[in-house]
Amino acid sequence: MDKEPTNTKDLEKQVAAREAVKYIRDNDIVGLGTGSTAYYAILEVAELVKNGLKIKGVPTSEHTASLATSLGIELLDMNSVEYIDVTIDGADEFDVQLNLIKGGGGAHFREKIVASLTKKEIIIADAAKKVDKLGKFKVPVEIVPLALNYVKRALTKLGGTGEVRMKDGSPFITDNHNVIIDADFGLIEDAAKLSESLNQIEGILAHGLFVNLTAMVIVGKGTEALTYTK
Ligand SMILES: O=C[C@H](O)[C@H](O)[C@H](O)COP(=O)(O)O
């Protein structure tokens, strides 16, 4: 990925990232998101650290951990913290309630744990991620492989259709050694209810619906940052 944005979308991601890092204070524990938008936040955090900011990061994926380490950000394991002050992460979709679909990169399990530990979860996005209703982006569902067919049938009962995510001709394997079904539920009328129903299915490690976990969404629109709160 380029350090400097080469198109409008990436510029908007950088604009949102620059606004989001303003919420980080000295000595904070900072959750570091995953994906092409969170990437810009990690670059900004690294720059601040280079200029003297003292923070420790908690990564949401192996990829983010290596990127952050390579940029000189000191990391903590999520098991070693009781809370995280601020997390900056991306999303695949968000609505006005600040509910999200995440997991386009398959990182949503660790992202959800980090979000749950976080006092201020800030989502950064480009303008195209805002939707009236969640669900055009399929809901990533991370599944322990031996429960795959059971979960597939349970998803069908809930009205969700979907296939195992593939990469280079083989099932995509997450950082937690699981597989993902990208489940299509159509436009989602009640994200909280669907989230609860998915939580009940044994064999699902985590799904990509994030309900009531977000404090703020910052969107880059051109060179401006728009902030959404509840
Ligand atoms: O699993 C990936 C994460 O949930 C990402 O934050 C999400 O997919 C958004 O990614 P991007 O910023 O690349 O659109």
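What radius of gyration does the chain have, and what would a compact globule of 230 residues have? The chain has 17 Å, and a compact globule with 230 residues would have a value near 17 Å, so the two agree. Please keep in mind throughout this tour that the model is predicted.

**Stop 1: the whole chain**

Begin with the entire chain displayed as a C-alpha trace. Along its principal axes, this trace spans about 55 × 35 × 35 Å. Switch next to a cartoon view, in which six helices and 15 strands can be located. Of the 230 residues, 47% count as buried. Consider also the contacts between residues at least 6 apart in sequence: 76% of them join residues at least 24 apart.

**Stop 2: the surroundings of the ligand**

Now select the ligand and display the residues around it. The ligand is surrounded by 18 residues, of which the closest are Gly 35, Thr 37, Gly 90, Gly 104 and Gly 105. If the shell is coloured by residue class, three of its residues appear as nonpolar, 11 as polar and four as charged.

**Stop 3: Glu 111**

Select Glu 111, which an unreviewed UniProt entry lists under "active site". This residue is found in helix H4, which comprises residues 108–117. Is Glu 111 buried or exposed? Glu 111 is buried, because 31 other C-beta atoms lie within 10 Å and the cut-off for a buried residue is 20 or more. Next, add the contact partners of Glu 111, leaving aside its neighbours within four places in sequence: these partners are Gly 33, Thr 34, Thr 60, Asp 89 and Lys 102.

**Stop 4: two residues with positive phi**

Most residues other than glycine have a negative phi. The last two selections have a positive value.

Select Leu 98 in the loop between strand E4 (93–94) and strand E5 (100–101). Its phi is near 65 degrees, a positive value in a residue other than glycine. Leu 98 counts as buried because it has 20 C-beta neighbours inside 10 Å.

Finally, move to Asp 168, in the loop between strand E9 (166–167) and strand E10 (170–171). Asp 168 is not a glycine either, yet it has a positive phi of about 50 degrees. How many other C-beta atoms lie within 10 Å of Asp 168? There are 5, and Asp 168 is therefore exposed, since a residue with 12 or fewer is placed in that class. Viewed one after the other, Leu 98 is buried, whereas Asp 168 is exposed.

Notes
Residues are numbered from 1 along each chain as its sequence is written. This is a predicted model: local features need pLDDT of at least 70, side-chain atom pairs count only at pLDDT 80 or more; totals for chains, interfaces and linings use all residues. A residue is near a molecule or strand if its C-beta atom, placed from the backbone, lies within 6 Å of it. Ala, Val, Leu, Ile, Met, Phe, Trp, Tyr, Cys and Pro count as nonpolar, Asp, Glu, Lys and Arg as charged, and the others, Gly among them, as polar. UniProt positions are given in the numbering used here, feature names are shortened, and annotations may be inferred rather than shown by experiment. Helices (H or I, at least four residues) and strands (E, at least two) are DSSP runs, numbered from the N terminus. Two residues are in contact if their C-beta atoms, placed from the backbone, lie within 7 Å. The radius of gyration is taken over C-alpha atoms; the globule rule is 2.2 Å times the number of residues to the power 0.38.
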